[in-house]
Amino acid sequence: MSDSRSLLVLFGSQSGNAEALAAKFAKQASGYGLEAEVADMDGFDLTSLSGRKRVLIVCSTWGEGEQPDNAEELWIKASSAPSGLLDGVNFSVLALGDTSYELFCESGKEWDDKFEQLGATRLVARVDCDVDYDQISQEWAENALAAMAAVDGEGVFHEEMVLAIKESMTSGATGASGEDGFTVPEIKSESISAEISIFRYDPSTSTTGKDTWVCALPGHMSILDVLRTIKSTQDGSLTFRDGAVDDPTTAISINGRHVLPGNLRLESSAPLRNGGISISIEPLNGFEVIRDLAVEHWDLESKRESSKPWMSSVTRQGLNTPQGALGSMNPLIASKLHSMMDIHSYPILHASSDATAYSDDYYGPSIISQSWARRNDPRTAPSKKREIEQLLDSPSGIKAETDFSSIRRQGKGSFIHDALLDCKTSTLARDGFTGRHGKHVWWYTFTIKSSGRVNDSVLYRQVLGPIGLFGNLFSGVTSRMVLGFTRTGGNMINDMLALIAPPAGLGKMPRQFNSSIKNHHEVVAIYNEMDGRF
Amino acid sequence: MKYAYHPGNVAHSGSPEVAESMVPLVKSLGIELTYLDGATSCGAGIIRQVNQKLQLTLNARVFAQAESLGLGILTPCASTAGNLSEDLFLLKSNPILLAEINEVLLKTCGLKFTGDTSVNHLLHVIVDEIGLEKIKPMVVNPIDFRVASYYGPNIQQYGFCGDDDIYDPNYMEQLVQTLGGEPVSWDSRTQSVGAPSLLSEEPTVLKQAASVLNDAKSEGAQMIVSACNLSHSVLDIYQGKASQRTGLRTNIPVVHLCEILSFALGHYNTRYAQLRTRVLVIGD
């Protein structure tokens, strides 16, 4: 591609709308004498922008003003990029959003500001689109493409040419070719070397293993197409769930990342190392494997059924509208509920918890988040809310989640993570810090107030109680704690002394008493100010 | 190279070997640490379960202390790095929340946090800042074992893991190779072992820990090197119990990144000799 007329159309897309628009505008760009290239923000090298003369950005917004999944990583890099990086770049932004959200088109606004901060020149003002974006986005494209076409090979913008370019386009244009008005160009990448390991399970022999293929495939190929190719050319017995690109049941795990394989390109599935990529494809964890990558979803759906997810609504006052009496809801609550329920794959959300695979009873984040949203829905009847609270407070509810960080790291897990955290806070408050969970959280928080440091000995004693401690004595836990066993720190004789010279606190035995941190009174003051329960 | 030092939650109690080995290690690496004597526990993801703003304020106080020193924070604990990073991200991205927290900070401690600090795990400082090429000539005792590197989920998040990949990290594998070891490829390296719920959900946590330990053994590892103080002690202390509950083979030495680095750079030779013996005794 000749650099003198090149145009980059960069898209950040959650549902595919921005990607489709980017492809459409790239096609239209040829009519303006531009050679357009469409690029996904996912895996895009920020520094490669610095040599560009023309860049269009089409970016959607997810949830409460968040960047779409594929833009998040680039945004983080851009946030720490040095100013001046984009000197000489001419740009314009089309932002997609939904006015029912408080932070409308926030991602596009952020990119617009960021490009300017990094030194780029805005040729056409950003346009913010609501859900009905066809006409407004096309108007933006016509202005933006005309302006980009008026940038010469040296990157100089000739404003006086813009009008002439527009007039020539309107006079001569009869619409792009194609049955539907335009033809979406294919996004193509070079072939890359890939080492693809796939989990195999044969139920007839109950054997598991991995098969590995080393091959060269086009980088733009979706993982689903990779699986289809392997099945049709290499091993017809390979089993996986096939379907549309957004079919939630097709979900699999790639290097521990839970994805819909039709939505992920091979080149974006793993980092490029030593000239190639290496991926390990596994079935989603937390589900029973039927064969190879195909998992059984019935258990999750059965749990969902047992959670009684249906609505029992309360009688509410309606609003008189020209369409008749309609129920209404505070937009902030509506937006929050919408975000909690806007899940593109419940199996992926279920698998995002590392605990679901090891706890048969745990409902998992998929059902818990759905129940929590229902619990916070003002349309839900009070009796139904109490029923949901019983489910959330039960041993199979939110308490069964062992580590929220595993949920946070998967895709859009951050929002669900925060919602589940609220759910746990609510459960603990209702429980009054009883039981092991309540005691654990209460004593942990209390020991920090006491000295600024966690006191493991107090925690063990208060949470496990004498029976639990006795159990640890015979299960080897205490002896390993004393001896350090495979760990190497401290002097072993000190650990032995802990047995005969309590209090413990020597060697690797947790201390009975902590020394306070410097300015400990500040910590006490913070607690007194923020939470009188401790 | 200067940092404000947060040793992690259990370095003063359950994992003293981490705090001990950090002392000679940072000297060898040329890192100057200023101890945050007034730093509280990071909350370990537990305090925020009961009161998120309480944990945010406690950590904002730590950030303000580091900021007043003009330093970024360094910690050898992945759990602490993850929790602090999460709270730092929240405060930096929400000016209204930051103002609210600062109001409490000012009233209770006379402190204010403007957002001018960073949280860094030792691993990322070594690879991104120091550079592995500088570590290689410093190696005195090669770690000539097959090593499974354990990251856990806390630091493997957007913006928390330097330039490493979130789902397919290889910083620790590169480091192990630099130290003379043979990195083992295994799937469980970013899996949680449920450390925040060890005492409250023990049956599930034991299965999680057993699965991670067994995966490392199955892939031929002779030891696990952990980037997390908390997971490190769970994986070691609960090995026997995890095996009893699950029937899986779980016996494998588990050491912290700080320990293995300090051994390789010539510190604690006796301990390293003990570790080598344990690898031989415990190995299949």
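**Entry 1. Terms and ground rules**

I count two strands as paired if DSSP finds at least two bridges between them. Strands (E, at least two residues) and helices (H or I, at least four) are DSSP runs, numbered from the N terminus. The model is predicted, so I note that local features need pLDDT of at least 70 and side-chain atom pairs count only at pLDDT 80 or more, while totals for chains, interfaces and linings use all residues. Residues are numbered from 1 along each chain as its sequence is written, chains are lettered from A and ligands numbered from 1 in the order in which they are written, and side-chain values use heavy atoms, with hydrogens and water left out.

**Entry 2. A sheet in chain B**

I looked up the strand order and found an open sheet of 4 strands in chain B, β2-β1-β3-β4, with parallel pairing. Its edge strands are β2 (32–35) and β4 (119–121), each of which pairs on one side only. From one strand to the next the twist averages 40°. I take axes as lines fitted to C-alpha atoms, for helices over the stretch in contact, with angles running from 0 to 180 degrees between N-to-C directions.

Between β3 (residues 73–75) and β4 of chain B I find 3 bridges in the parallel sense. In that pair, Leu74(B) has Asn120(B) in β4(B) as its bridge partner.

Next I checked the helices against the sheet, with contact meaning heavy atoms within 4.5 Å. Helix α1 (residues 16–29) of chain B packs on the sheet and touches β1 (2–5), β2 and β3 of chain B, its direction making about 140° with that of β2(B). Helix α4 (residues 78–93) of chain B also packs on the sheet, where it touches β3 and β4 of chain B, at about 160° to the direction of β4(B).

**Entry 3. Nonpolar cores**

I use "nonpolar core" for a set of buried Ala, Val, Leu, Ile, Met, Phe, Trp, Tyr and Cys residues joined through side-chain atoms within 4.5 Å. Buried means under 20% relative accessible area, exposed over 50%, and partly exposed in between (1.4 Å probe, protein chains only).

The largest core has 77 residues, and Leu91(B) and Ile224(B) have the most contacts inside it. Helix α3 (residues 52–69) of chain B gives the largest share, 8 residues. This core lies between domain 1 (2–122) and domain 2 (134–282) of chain B, because both give residues to it. Domain bounds come from an automatic or database domain assignment. Apart from this core lies another, of 41 residues, including Leu123(B) and Met172(B).

I then listed neighbours of Leu91(B); leaving out residues up to four places away in sequence, they include Leu56(B), Phe63(B), Ile101(B) and Phe113(B).

**Entry 4. Cysteines**

I searched for disulfides, taken as pairs of cysteine sulfur atoms within 2.5 Å, and counted 0 over all chains. Why is Cys59(A) without a bond? The closest cysteine sulfur, in Cys105(A), is 9.5 Å from that of Cys59(A), too far for a bond. Cys59(A) is buried, at 0% relative accessible area. Cys228(B) is in no disulfide either, and the nearest cysteine sulfur, that of Cys77(B), is 4.1 Å away. Cys228(B) is buried too, at 2%.

**Entry 5. Chain A overall**

I count 18 helices and 15 strands in chain A. Of its 534 residues, 51% are buried. The chain is divided into domain 1 (3–172), domain 2 (191–295) and domain 3 (297–313 + 331–431). I put the C-alpha centres of domains 1 and 3 of chain A 37 Å apart; 12 residues of domain 1 are in contact with 9 residues of domain 3.

**Entry 6. Strands and loops of chain A**

Strands β7 (residues 191–202) and β8 (residues 207–218) of chain A run antiparallel and are joined by 12 bridges. Arg200(A) has Gly209(A) in β8(A) as its bridge partner. The hairpin has 4 residues between the strands, and Ser206(A) takes a positive phi near 55° there.

Ile277(A) is in β11 (residues 276–282) of chain A and is buried, at 4%. Its C-alpha is 4.9 Å from that of Ala194(A), although the two are 83 residues apart in sequence.

Is Asn274(A) buried or exposed? Asn274(A) is exposed, at 85%, in the loop between β10 (257–259) and β11 of chain A. Its phi is positive, about 50°, though it is not a glycine. Phe433(A), also not a glycine, has a positive phi of about 60°, but is buried, at 14%. I place Phe433(A) in the loop between α13 (413–431) and α14 (435–451) of chain A.
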